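Hi everyone, thanks for coming. Please have a look at the sequence and the model on the screen, and then I'll walk you through a few places in it.

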Amino acid sequence: MTGPVDQHHDHPAQDHAGPDHHGHHHGHGHGGHGHTSGHAPGHVHAPASFGRAFAIGIGLNTAFVLVEAGYGFASQSMSLVADAGHNLLDVLGLLVAWIASVLVRRRATPRFTYGLRASSILAALFNAVFLLVATGAILWEALVRLVHPEPVAGLTVMAVAGIGILVNGLTAWLFASGAEGDINIRGAFLHMAADAAVSAGVVLAGLVIWMTGFDRIDPLVGLVIAGLIVWATWGLLRDSVAMSLAAVPPGIEPEQVRLYLRGRPGVSDLHDLHIWPMSTTEVALTAHLVMAQGHPGNGFLLEVAAELRGRFGIAHTTLQIEEAGGPPCLIARACSA
C-alpha cells in the first residue's frame, strides 16, 4: 500500500523496488539536484572558492578590526569604535558560517539521519540574534556620546573608514555569487555589504567634522550604523527563525505544490503534505498520495520527484502511495477523528 520515493542530490541515480515484509511496495529513486529561478530555494552550486572566501574575509576583517578600534579609541571616534565592534561580530559571524558550511557536508549517521545539514540554519539564526544584541550596545554608547560629545579627529576617521570600504567591499564581493540561493552565505554577504555602506557613512561623518567641527555628527552616524544593522539583519532573523521552525520556504507556494500533486494521473486524493528546509539550500517534501489503481510504479514516482525538483526546487522527495478504497493510513484516520 505504500511506495515512497526518495530523491536527493548526494547520490548517483539508482532505481529499485520490491515488497517489504508487510507486502507493501516501495520504490526509491535518487537523482541530481535541481535549479530554480527567482527566489525558489533549490540547491545551488557553492563555488569551490567559498572556503577560501571565508578565510580571506576573516583574515582581512580581523586585521581591520584591530586597526579601526585602535584609531577609534585614539581619535575618540564613536563611529569608528561602533564600526569596529560591528566588524568584530562579523568576524565571528563569518567563522560560524564557515563552520556550518563544512558541517552541512557531513555524512548522515544512524543518529543524525539527515547529517548536519540544519547547522547552516542554526548559523544564520545565531548571526542574526548576535548582531541584534550587539546593536543595543552600539546604540547605547552612541546616545551617551550624543548627550556628552567628545572631540573627534575627522581626517583620521575618514582615512580608517576609507580602508573599511575596500576591506568590506572586497569581502562582500567574495560571497556575492552565493547570496541568492543560500541564506547562510547571504548572511555573510549582507553583513559585508552593509559594512561597506556604513564605512562610507563614517567617511562622510569625518568630512563633516573636519569641515565644520560639529562633533555630534559622529554619534549620529553611530545611530545610523545601528539602524542599518537592524535593517540588514531583520530579514535574516525572520527567514532563519522560519527555517528553524520547519516553515515552508518563501520561494515555494504550498498550494501550487498541492495542485500539482493532485493533478498527477491516477491521483484521487492527497493528504499529510509537508514541505520544510533541510538546510539553507535544500528543501524536503513528504506526502501521501491516494491512487485510484494501486501502485503506479517507479517511473511515476521518479517523474514526480524530478518535476518537484525542477519546478519548485524541492531536492528531497518522499511519497507514500495508498490505494483508493483501502483502509486509511493511521495519519489520515487520526486527522478525520
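Let me begin with Glu307, which is partly exposed at 30% relative accessibility. By partly exposed I mean between the two limits: buried is under 20% relative accessible area and exposed is over 50%, with a 1.4 Å probe and protein chains only. Before going on, please keep in mind that this is a predicted model, where local features need pLDDT of at least 70, side-chain atom pairs count only at pLDDT 80 or more, and totals for chains, interfaces and linings use all residues. Residues are numbered from 1 along each chain as its sequence is written, and side-chain values use heavy atoms, with hydrogens and water left out.

So, which residue does Glu307 meet in a salt bridge? The partner is Arg311, and their closest N and O atoms are 3.0 Å apart. A salt bridge here is a side-chain nitrogen of Lys or Arg within 4 Å of a carboxyl oxygen of Asp or Glu. As a general point, side chains of opposite charge can pair when their charged atoms come close. Arg311 and Glu307 are 4 residues apart in helix α8, so about one helical turn separates them. When I say helix or strand, I mean DSSP runs numbered from the N terminus: H or I with at least four residues for helices, E with at least two for strands.

Helix α7, residues 254-262, offers another example. There, Glu255 and Arg258 form a salt bridge at 4.0 Å, N to O. These two are 3 residues apart, which again puts about one helical turn between them. Glu255 is partly exposed at 44% relative accessible area, and Arg258 is partly exposed too, at 26%.

How many salt bridges does the structure hold? There are 5. One of them links distant parts of the chain, with Glu282 in the loop between β3 and β4 and Arg117 in the loop between α2 (78-103) and α3 (119-147), 165 residues apart. The closest N and O atoms of Glu282 and Arg117 are 2.9 Å apart, and both residues are buried.

That brings us to the strands. Strand β4 covers residues 283-291, and 8 of its 9 residues are buried, so the rest of the structure largely encloses it. On one hand, β4 pairs with strand β3 (residues 267-277) in the antiparallel sense, over 8 bridges. Two strands count as paired if DSSP finds at least two bridges between them. In that pairing, Asp269 has Val290 of β4 as its bridge partner. β3 and β4 make a hairpin, with 5 residues between them.

On the other hand, β4 runs parallel to strand β5, residues 316-323, and 8 bridges join them. Here Ala284 has His316 of β5 as its bridge partner, while Val290 is matched with Glu322 in β5. So Val290 is a bridge partner of Asp269 and of Glu322. In β5, 6 of the 8 residues are buried, so this strand is also largely enclosed by the rest of the structure.

Now helix α8 comes back. Together β4, α8 (residues 298-312) and β5 make a right-handed β-α-β unit. Right-handed means that, with the strands pointing away from the viewer, the path from the first strand over the helix to the second runs clockwise.

Next, the aromatic rings. The structure has 4 aromatic pairs, and one of them is Phe54 with Phe175: tilted, 4.8 Å centre to centre, with 55° between the planes. Rings of Phe, Tyr and Trp (its six-membered ring) pair if their centres lie within 6.5 Å; planes under 30 degrees apart are stacked, over 60 edge-to-face, and the rest tilted. Phe54 sits in helix α1 (residues 50-74) and Phe175 in helix α4 (residues 154-175), so to speak distant parts of the chain, 121 residues apart. Are these two buried or exposed? Phe54 is buried at 1% relative accessible area, and Phe175 is buried at 0%. Phe54, Trp98 and Phe175 form one aromatic cluster.

My last stop is Phe126, which lies in helix α3 and is partly exposed at 34% relative accessible area. Thanks for listening!
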